[in-house]
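Here are some notes to read alongside the model, put together for someone who works at the bench. Keep the structure open as you go through the points.

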Amino acid sequence: MKLFIDTGSVAEVEEIAAWGVLSGATTNPTLLAKEEGDPGDSIRRICELVDGPVSGEVVSEDARSMVAEGRALAGLDDRVVVKVPFSEEGLAATRELASDGIPVNETLVFSAAQALLTVEAGATYVSCFMGRLDDISIDSEAVLGEIVEALGPNRDAQVLAASMRHPMHVVIAAKLGCEVATIPAKVLKAMLAHPLTESGIARFADDWKSRPEFGKWLRGLVEESTAAQR
Ligand code: E4P
């Protein structure tokens, strides 16, 4: 499963992209509204940083205006994917954008029935929000599993698990066979943590320090190797 970052913050993408684990990003109007500066500049910079698909969302409610906004967003960078909220108008806009060769991320898909319509309209990504389902006491794992099953193993569209609130959402999405999870920086950082990793690193460091001559040997080895590469 590919990992995208879910943010409107260039600073967050800069920080997490350095880990080498990101394949793309998603923004939405809420996330971009929290940031200073021009949203187009942010989207372009995020495209450069992740060098993969970056979703930018339309905000109009009628198909014609959604298509116009979608074409404009797609013009920002070749890596932009147009995010279209699910609705009758959204489906019509998706069909038109997809026919133009513009990839669409259909968002706010909360059922297998909606997912089936989304795929027929030509969307590249089907975004289902796990956290928001759980918030209203609907089992997000069951809904996401039904979407994956209904679209089948040879689906054209990719199932994108969104609204990730904790690392287990990410693990569940991967186990269900989702192609992508889009994850806030806070949850990506939580995925790093394990007490045995932290205590293990501390123990290796302490044991190595107990042999100062080994530390000297390693520093010498690094110097030789660096000099040989010059
Ligand atoms: C992603 O594409 C969505 O916009 C996002 O994951 C929504 O997350 P939230 O429910 O935490 O706002």
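1. Which atom of the ligand is 2.6 Å from an N or O atom in the side chain of Asn-28? The partner is an oxygen atom of the ligand. Do keep in mind that this is a predicted model. An oxygen atom of the ligand also has a polar side-chain atom of Asp-6 at 2.6 Å, and for Arg-132 the corresponding separation is 2.7 Å. The protein buries 85% of the 350 Å² that the ligand exposes when taken alone. Among the residues surrounding the ligand are also Thr-26, Lys-83, Phe-129, Ser-163 and Thr-182.

2. Next, have a look at Arg-44, which sits in helix H3 (residues 39–50). Arg-44 is partly exposed, at 36% relative accessible area. Its side chain makes a 3.2 Å polar contact with the side chain of Asp-41 and also reaches the backbone oxygen of Leu-76 at 3.5 Å. Arg-44 and Asp-77 are 33 residues apart along the chain, yet their C-alpha atoms are separated by 6.3 Å.

3. Asp-77 has a charged partner as well: its side chain meets that of Arg-79 in a salt bridge, at 2.9 Å from N to O. The two ends differ in exposure. Asp-77 has a relative accessible area of 16%, under the 20% cut-off, so it counts as buried, whereas Arg-79, at 26%, counts as partly exposed.

4. Across the whole structure, a search finds 13 salt bridges. One of them joins Glu-15 and Lys-189, with the closest N and O atoms 3.1 Å apart. Because Glu-15 belongs to helix H1 (residues 10–17) and Lys-189 to helix H10 (residues 185–192), this pair ties together parts that are 174 residues apart in sequence. Glu-15 is partly exposed at 41%, and Lys-189 is partly exposed at 37%.

5. For a pair within one helix, try Asp-207 and Arg-203, whose closest N and O atoms are 3.9 Å apart in a salt bridge. Both lie in helix H11 (residues 195–209), four residues apart, or about one turn of the helix. Asp-207 is partly exposed at 44%, while Arg-203 counts as exposed at 59%. Elsewhere, Glu-14, Arg-45 and Glu-48 are joined into one network by salt bridges that share partners.

6. Finally, the surface carries a nonpolar patch of about 560 Å², made by Trp-208, Phe-214, Trp-217, Leu-218, Leu-221 and Val-222. Helix H12 (residues 212–229) gives the most to this patch, with five residues. Val-222 is found in helix H12 and is partly exposed, with a relative accessible area of 46%.

Definitions and conventions: Residues are numbered from 1 along each chain as its sequence is written. This is a predicted model: local features need pLDDT of at least 70, side-chain atom pairs count only at pLDDT 80 or more; totals for chains, interfaces and linings use all residues. Side-chain values use heavy atoms; hydrogens and water are left out. Patches are made of residues with over 30% relative accessible area and no salt bridge: like charges are joined within 9 Å, nonpolar side chains (Val, Leu, Ile, Met, Phe, Trp, Tyr) within 5 Å. Accessible areas come from the Shrake-Rupley method with a 1.4 Å probe; for residues, only the protein chains shown count as cover. A salt bridge is a side-chain nitrogen of Lys or Arg within 4 Å of a carboxyl oxygen of Asp or Glu. Helices (H or I, at least four residues) and strands (E, at least two) are DSSP runs, numbered from the N terminus. Buried means under 20% relative accessible area, exposed over 50%, partly exposed in between (1.4 Å probe, protein chains only). A residue is near a molecule or strand if one of its heavy atoms lies within 4 Å of it. A polar contact is a pair of N or O atoms within 3.5 Å; within protein, one must be able to donate a hydrogen and the other to accept it, and residues adjacent in sequence count only if both atoms are side-chain atoms.
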